[in-house]
Amino acid sequence: MKYRELGRTGWKVSEISFGAWAIGGAWGNVDDKESLAALHAALDGGVNFFDTADVYGDGHSERLMAKLRQERKEKFYIATKAGRRLPQQTPEGYSRKNLTAWVERNLKNLDTDAIDLLQLHCPPTGVFYMPEVFGILDDLVKAGKLRHYGVSVEKVEEALKAIEFPNVQTIQIIFNIFRQRPAELFFPEAQRRKVGILARVPLASGLLSGKITRASKFAKDDHRNFNRHGEAFDRGETFSGVDFETGLKAVEELKALAPAGASLAQLALRWILEFPAVTCAIPGAKRPAQVAENIAASDLLPLSKATLKKIDALYDAQIKPLVHQYW
Ligand SMILES: NC(=O)c1ccc[n+]([C@@H]2O[C@H](COP(=O)([O-])OP(=O)(O)OC[C@H]3O[C@@H](n4cnc5c(N)ncnc54)[C@H](OP(=O)(O)O)[C@@H]3O)[C@@H](O)[C@H]2O)c1
């Protein structure tokens with residue numbers, strides 16, 4: 001495992017980290033024993049950074065993280081999120097009272113006195129124009145409840161606005177072979193300001209692992225079944241916003257580009273690591289074997305120029321028109 005500096009925090013985090021949404025909920029059945037085994041496998045493989053949220057299984061994912069802390073002695077960082085407990089996403093909901101109550105709940109679920117990194121969880125665009133919200137986060141840092149804070153965003157424009165607030169340490173954004181726009185304007189600006197970047201949905205919800213086919217069935221409570229067209233939340237969070245058929249076709253072509261001995265999931269993760277602005281990718285995983293496969297992407301050699309060119313050409317021709325200007 002290789003490590004990269006996270007913004008100005010002074011932390012060095014694993015370039016392949018762990019996304020803990022799937023072990024919380026909205027991805028079909030989960031087995032806590034297996035989820036915990038996956039978390040342990042991540043630590044065993046050198047992962048030292050985990051991303052969760054208060055709403056993943058209504059705190060279930062955070063509580064699994066707390067269990068991991070009890071069961072392991074080594075130092076690791078937990079990033080969590082707050083904001084999506086609002087019944088409706090309104091900027092006014094991001095009040096001092098609500099933010100403080102959400103953070104108290106994060107602390108309780110995580111069984112800790114201070115949160116390593118709290119991220120606003122894809123707040124409505126209006127929040128990025130409310131400096132007082134960031135002032136409340138500063139106060140929570142002063143009070144010792146948060147060590148650092150950042151923002152998880154939907155759009156590049158929100159990311160650019162968020163990093164104008166000087167104490168925003170991290171931006172979490174969808175970035176993968178099927179979602180390349182963040183690299184254009186946002187990455188250089190984040191690097192200039194030394195803001196960490198967490199690349200989420202790195203496998204396009206599993207599509208970029210190459211294992212999903214037309215015949216794949218997803219459980220009723222799996223967002224790959226119920227949110228394909230954005231029925232429950234932003235459609236970009238499911239398969240990265242790429243139409244299923246188009247995605248499957250592109251994936252078939254990508255398979256031929258995986259380096260010898262590497263899987264398509266590993267190619268997808270290695271592609272993300274080619275960008276020095278990215279601090280880490282946070283692939284979700286439910287099983288130890290997936291974790292091991294994902295972690296091994298950190299050991300792959302950089303991709304060849306020819307491979308990168310082919311990936312760019314495929315994105316430009318098949319994917320870009322569907323996603324580029326939407327987020
Ligand atoms: N709004 C936000 O802030 C937000 C939104 C989305 C995600 N996130 C964060 O980003 C993390 C990553 O995104 P994501 O989990 O949505 O999507 P992802 O990482 O692109 O896909 C994860 C899913 O792909 C499958 N998978 C993982 N490794 C695999 C492998 N090696 N081979 C085959 N399949 C594999 C697993 O699902 P199956 O085994 O069930 O197929 C896994 O749950 C989340 O866990 C969460 O922490 C945040």
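Guide: A molecule sits in a pocket if more than half of its atoms lie within 2 Å of the pocket's grid points. In this predicted model, the space taken by the ligand is the largest pocket.

Visitor: What makes Lys211 a polar contact of the ligand?

Guide: The cut-off is 3.5 Å between N or O atoms. A polar side-chain atom of Lys211 lies 2.5 Å from an oxygen atom of the ligand, so the pair counts. Gln290 passes too, because an N or O atom in its side chain is 2.7 Å from a ligand oxygen. For Ser205 the backbone supplies the N or O atom, 3.0 Å from an oxygen atom of the ligand, and therefore this pair is also a polar contact. Taken alone, the ligand exposes 900 Å², and the protein buries 95% of that.

Visitor: Why do 32 residues count as surrounding the ligand?

Guide: Each has a heavy atom within 4 Å of the ligand, so each belongs to the 32. Asp51, Ser152, Lys211, Arg224 and Gln290 are the closest. By class, this shell has 13 nonpolar, ten polar and nine charged residues. Helix α10, residues 288-295, gives the most to the shell, with three residues.

Visitor: What about the largest pocket: how much space lies in it, and which residues are closest to its centre?

Guide: About 1,000 Å³ of space lies there. The lining has 46 residues, with Trp21, Ala22, Trp27, Ser205 and Glu237 the closest to the centre. Both α7 (223-226) and α10 give two or more residues to this lining, and the largest share, four residues, comes from α10. The lining divides into 21 nonpolar, 13 polar and twelve charged residues.

How values were computed:
Residues are numbered from 1 along each chain as its sequence is written. This is a predicted model: local features need pLDDT of at least 70, side-chain atom pairs count only at pLDDT 80 or more; totals for chains, interfaces and linings use all residues. Side-chain values use heavy atoms; hydrogens and water are left out. A polar contact is a pair of N or O atoms within 3.5 Å; within protein, one must be able to donate a hydrogen and the other to accept it, and residues adjacent in sequence count only if both atoms are side-chain atoms. Accessible areas come from the Shrake-Rupley method with a 1.4 Å probe; for residues, only the protein chains shown count as cover. On a 1 Å grid over the protein atoms alone, a cavity is a set of points where a 1.4 Å probe fits but cannot get out, and a pocket is an open set with protein on both sides within 12 Å along at least five of seven lines; lining residues have an atom within 4 Å of a point. Ala, Val, Leu, Ile, Met, Phe, Trp, Tyr, Cys and Pro count as nonpolar, Asp, Glu, Lys and Arg as charged, and the others, Gly among them, as polar. Grid points are joined across faces, edges and corners, and a volume is the space filled by probe spheres set on the points.
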